[in-house]
4 protein chains.
Amino acid sequence: MSTPDSLLHFFLDTRKHTEAICQPLEIEDYVVQPVADVSPPKWHLGHSTWFFEEFILKPHITGYKVFDNDFSFVFNSYYESVGEHVMRSDRGNLSRPSVEKVYDYRAYVTKAINDVIEKKKDNYLYDLIEMGIHHEKQHQELLLTDIKYILGNNPLLPLYSKNLKEHQEETHDQEWIPIAEGIYGIGHDSENFSYDNELGRHKVYLNACEISNKLVTNQEFIEFIQDKGYQNFELWHAEGWDWVNKNNIKAPLYWHEIKGEWFHYTLNGLEKISTNTPITHISYFEAFAFAQWKGYRLPTEFEWETAQHGFSWGQRWEWTESAYLPYPNYKKAAGALGEYNGKFMVNQKVLRGGSVATPIKHTRPTYRNFFPTHTRWQYNGIRLAR
Amino acid sequence: MSTPDSLLHFFLDTRKHTEAICQPLEIEDYVVQPVADVSPPKWHLGHSTWFFEEFILKPHITGYKVFDNDFSFVFNSYYESVGEHVMRSDRGNLSRPSVEKVYDYRAYVTKAINDVIEKKKDNYLYDLIEMGIHHEKQHQELLLTDIKYILGNNPLLPLYSKNLKEHQEETHDQEWIPIAEGIYGIGHDSENFSYDNELGRHKVYLNACEISNKLVTNQEFIEFIQDKGYQNFELWHAEGWDWVNKNNIKAPLYWHEIKGEWFHYTLNGLEKISTNTPITHISYFEAFAFAQWKGYRLPTEFEWETAQHGFSWGQRWEWTESAYLPYPNYKKAAGALGEYNGKFMVNQKVLRGGSVATPIKHTRPTYRNFFPTHTRWQYNGIRLAR
Amino acid sequence: MSTPDSLLHFFLDTRKHTEAICQPLEIEDYVVQPVADVSPPKWHLGHSTWFFEEFILKPHITGYKVFDNDFSFVFNSYYESVGEHVMRSDRGNLSRPSVEKVYDYRAYVTKAINDVIEKKKDNYLYDLIEMGIHHEKQHQELLLTDIKYILGNNPLLPLYSKNLKEHQEETHDQEWIPIAEGIYGIGHDSENFSYDNELGRHKVYLNACEISNKLVTNQEFIEFIQDKGYQNFELWHAEGWDWVNKNNIKAPLYWHEIKGEWFHYTLNGLEKISTNTPITHISYFEAFAFAQWKGYRLPTEFEWETAQHGFSWGQRWEWTESAYLPYPNYKKAAGALGEYNGKFMVNQKVLRGGSVATPIKHTRPTYRNFFPTHTRWQYNGIRLAR
Amino acid sequence: MSTPDSLLHFFLDTRKHTEAICQPLEIEDYVVQPVADVSPPKWHLGHSTWFFEEFILKPHITGYKVFDNDFSFVFNSYYESVGEHVMRSDRGNLSRPSVEKVYDYRAYVTKAINDVIEKKKDNYLYDLIEMGIHHEKQHQELLLTDIKYILGNNPLLPLYSKNLKEHQEETHDQEWIPIAEGIYGIGHDSENFSYDNELGRHKVYLNACEISNKLVTNQEFIEFIQDKGYQNFELWHAEGWDWVNKNNIKAPLYWHEIKGEWFHYTLNGLEKISTNTPITHISYFEAFAFAQWKGYRLPTEFEWETAQHGFSWGQRWEWTESAYLPYPNYKKAAGALGEYNGKFMVNQKVLRGGSVATPIKHTRPTYRNFFPTHTRWQYNGIRLAR
């Protein structure tokens, strides 16, 4: 459990960091939603604030005055237990509340939580606040990837910032890290914060296998494209093959072929592809097809967690072959907070690792990220196993 | 033909008025597109500017430097002959160019056209400029109705302005204005400006009929609702009935039933419905069903044009029974300007009159407005005939 | 008014002819519905029978025993006033009642109506029966065109019959038949049967124009294709252009390009296109674009009706420029029969003439056929005006 | 490996049984496809025949004369490597080839394979033929469930047969069968036939748990409905909740509430629900929600396979919590046969057991059936674990 001082520090830092992510934006950038998966930055700012107001201030702080009663309708995401909310795909249709008003809302709630931390010495509330902070950190990652989509989908391909380096080269030699057959422990078991989906440390039996110490690079993926990997149905799941053809997929998201050369949109603007950096912005379907083409496979999340001491990770979320399922003895929390993870445990794949968009200290070796198999706007990459 | 002075005055006034319409907006309001029919205000500002640049400055003014080459892609509407353009339904996904940049673009083009008017004494260019001014005036009407939709679709129902009165009571007694059977002349034939779709003054044969001197009021429409008009398929076209059921239509657009009373969103915010003012924001399907219910019918556009001296009009566009078709000997202009009207002459209905959103002097007795039969976000009303 | 004998003859002949149309079919052909517009032959057989049962036998013949109570649900088309019915697009999902059962149903109702004609000397019933016969004749045309679609959409392209000649050459020289400016009478006014939409003989004022004495031929349409008519947006309505691109339209329905030569599916199987026969199976959009390309236009239905003495017609329905609207003083019948025509009078175009699929004596110079602008599975052709 | 005699017997028996399943059908029933998942019986008859022709006769039997070259296009299912095929959702639009022709095709290919078995003593061919037989047996199950859907979706609710008993009561007491924590072996390892997805016998580590010896009954499911289980989002996955609301799901497939009592369509026609028989025709989403409501969970496929000796199974496929994923060291076969299983290993759930529709001896304890999470037309039931 954190001390009041460290919690306050953690809280204020997180709130400030969310706003720092938005600092390079024009007002207009806060508003749009080019596809349903991508929420307007304004919405992230409001929603991560509403979470503190709805689950801490309203139910637990006597005399708290709600900032604006209409905001619950606007900034609730999907918490069915909390009431009506704007359809997810309609978030980009709302010009009001204005960005300025949303920042006022943030300041108002930040102040109120600040007061709670300083004045209430209540571990239960501290736990809820810590949960709210981690919730906001998760949204920081979405916020940055959504901003990238908003700008990268604009025909003018505007720059976000020159200061953020999206990728770094993987120049070490490829090696295969062996895992011996046997029983291994999986899941979170320290005192530190974790989500409920990592809990329930348990044993799994693994067969002998090997995992690459290196992420797949752009160069390797270009070879896959040149070898007509996107046209060879034998490499794909049936559902992946439909997805490729229906959406006319020919390259990773943000890639542009200009006069025979590959470029990609990055937060620094349009750049020529650096062949030695890891591939990213691919779906699970593409990761699987690539592995098939290469004659290997993706690791399971258990293999990954077991072998992760042997390689460096954290610059790309890595698709695993594992479906997102509850660990043995998983129990979801009661009420709205119970909606956090459990209800997504179907038809999604686990990703392990972290990315340039992941807030510092927000990930760990047991962290289970998850997305549907067709999603590409996160910084998703490939590590092979065999 | 206008003098250079009067043309300049007309031009600058129009440019200023477009911007005045946007004056009450927040930056965020310029960006959103809640449905495909409704364009972001920012787009109207840019598109009405692009029209001058594309059809006058670029082809006819040597040495003219285009403001930004990417803008043609962003601000072209549908002129297929002019090249690629952003899909209409994607306009609301574009945060850039920023509103500030669009105003810079406007100032730049306004200045350039100003110079053309002052320096080139060229009737052909003057005609094109007059066309561009009328084009911008048409967009002024869409701009205001689109703003109303953007704000009226927002759950916070924000106010646009207290200064604009949307409707006025029709308190005079209902009378039926007779038209005698016979031959009448239809269409524009003065020296003044008109669109190509009004030209070709020609004869039509009308049967004896009568037209109401009064628009249908909210009170009458409430009676239609109370008599279950929306549930009685006998009153509807088959296509209208499908539209009602598929979209769950139960009242005009912007109407809200709150505790048994009818309110509607107006540019002045949410207001109780004034029973003596004309009904508006209804589709052709609803206008037709109402007339059926009342035992009357809608007038044809020829009846309307013939009888219009006998009643006051201009506060509501009035649905007619006439399909939007070319007049005898209609010729569309060559090239991109020819795309202006002719290509919409199918599956739409003619509306006559004008509305609170119509710029001053922009309408006339021969003016043919047109919309698809399900559209409701314009200020559309009903005048009966029998 | 017909005599009982002639009515009986007319009735039995019509019933027999419907079944004769189905004679070449396999049982399987009676069941399928490849697109929503095309109903299974079994459904036409049942529906034209249900019409007699529902509107004559059930309400007017005491003691009549309904053949099967479930059939009303299955064979009602769209008569909302008569109750629930199977969704139009679900007709092809019904394997039962079997074809044999439907023929039993036909025999049962034919017998019952036969008895009514012989035993009840009641002009009101005779009028209703005559209406039912004409209704069945309309369905005969749809039945044949639907069969053509079912077979022509099958990859095996099966033959319907060798005995039916779909088209005949137009070998006479092209001439332009003039219409003098002036007032003309339009609409049905004889004692003979007509639909309500033709009634209300009235005057229209026509401008001077000319109509071709010849239908547009396949040869001319091939020239349109070769001149890239389908790729030239200037020839199309905006809605037509969307339709062409969304559906990837490159030729009339049933046309196949095989090794550089044009073939089309006919009721006699796949045949090489005969260049001198009239073009058919085109939408209004295509008819309009062709006329634009040729520098002419389509006639209005009034021009067509006025000039029709001057040319031969009846082998192809001819698209007109006229929207399908009520004539002055049009009154729709009360109740379900009133649903017959009036509720379709929006967003459709009038076709005049007749086709190889039209039952003998079913058409006349005042007959107003109508279809939505994108439909192609009827025998629709083009006659030009200028 | 089977002897020629036993293989021939197995082959001929299987071919005969497929046709016996169709014996109660009318010709019309062979043709329709009410939803994309449900194929016309005619198609199953042809496809299971095409499989033998395509993979055995065409490539391996010199001098074999293909029955009809067009059939490959019509009866290929999804084998991309074999060439073009009719879109799955268009199968119900094909009236030809006729049912009679398809039976001729069956007889022709049955004879040819019969000859191969008798004349070629070739183990490789025998293995392929055995594969083809198992393929046809899998289609027998789909054939019966598709027939049930075709008839059960018809408003006349026709009887299939009085001789087939769909369900039997589970009257034994509920008990919980314990599984001790530890390592267990999973997967097929005998000499007998199995699919590639069961192969690779391997170890898994299970936590202690208990599995019910009884399937969930209709009575228990009615209690779930009465307790508003379908309205309580807390019981559902987010994707399941969307599915329930979008499709307005209120009960299992084929259930009808008539005057307050529950009936369901069975192959014996509409029947009152027998409360003691196992629930069936539910999706994975419903199985999961039911388990949540009951306070238990679904077993994994490994728990099921480990405990299956302790309970009787085979009258219902049982949803497991396991995603359909490859076993360790899974290798898919090369070429078209490799498309059999591997390409479906994403976004589906494993079912274990068997059903009334499963051909005798077609299932076994290691058999892995799989379907997407929303499918209900199979005989799917629920066994709980804790």
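**Exercise 1. Compare the surfaces through which chain A and chain B meet.**

Solution. Start with overlap: 100% of the interface residues of chain A are interface residues in chain B too, so the two copies meet through the same surface. Contact here requires C-beta atoms, placed from the backbone, within 7 Å. The model is a predicted one: local features need pLDDT of at least 70, side-chain atom pairs count only at pLDDT 80 or more, and totals for chains, interfaces and linings use all residues. Residues are numbered from 1 along each chain as its sequence is written, while chains are lettered from A and ligands numbered from 1 in the order in which they are written.

Next, count. Chain A gives 25 residues to the contact and chain B gives 25 residues. Then sort the side of chain A that touches chain B: 14 nonpolar, 6 polar and 5 charged. In this scheme Ala, Val, Leu, Ile, Met, Phe, Trp, Tyr, Cys and Pro are nonpolar, Asp, Glu, Lys and Arg are charged, and the others, Gly among them, are polar.

Last, superpose. A turn of 180° with a shift of 0.0 Å along the axis lays chain A on chain B, with an RMSD of 0.0 Å. In chain A, the C-alpha nearest that axis belongs to E28(A), 2.9 Å away from it. The fit is by least squares on C-alpha atoms of residues with pLDDT of at least 70 in both copies.

**Exercise 2. Find the operation relating chain B to chain C, then describe their contact.**

Solution. Chain B goes onto chain C by a turn of 180° and a shift of 0.0 Å along the axis, at an RMSD of 0.0 Å. That is the relation of a two-fold axis. The same surface serves both copies, as 100% of the contact residues of chain B recur in chain C.

Now the contact. It joins 24 residues of chain B to 24 residues of chain C. On the chain B side, strand 3 (202-206), helix 7 (238-246) and strand 8 (317-323) each give two or more residues. Strand 3 of chain B gives the most, with 4 residues. By class, this side of chain B has 12 nonpolar, 6 polar and 6 charged residues. Helices (H or I, at least four residues) and strands (E, at least two) are DSSP runs, numbered from the N terminus.

**Exercise 3. Identify chain pairs that do not touch.**

Solution. Check A with C: no contact joins them, and their closest C-alpha atoms lie 14 Å apart. Check B with D: these do not touch, with nearest C-alpha atoms 14 Å apart.

**Exercise 4. Characterise the packing of helix 1 and helix 5 of chain B.**

Solution. Take the geometry. Helix 1 (residues 4-22) and helix 5 (residues 123-152) of chain B pack at about 20°, with axes 10 Å apart. That makes helix 1 of chain B roughly parallel to helix 5 of chain B (angles under 35 degrees). Axes are lines fitted to C-alpha atoms over the stretch in contact, and angles run from 0 to 180 degrees between N-to-C directions.

Then the residues. Those of helix 1 of chain B include L7(B), F10(B) and F11(B), and those of helix 5 of chain B include Y126(B), I129(B) and E130(B). The contact has 9 nonpolar, 4 polar and 3 charged residues.

Terms used. Parallel < 35°, antiparallel > 145°, perpendicular 65-115°, else oblique.
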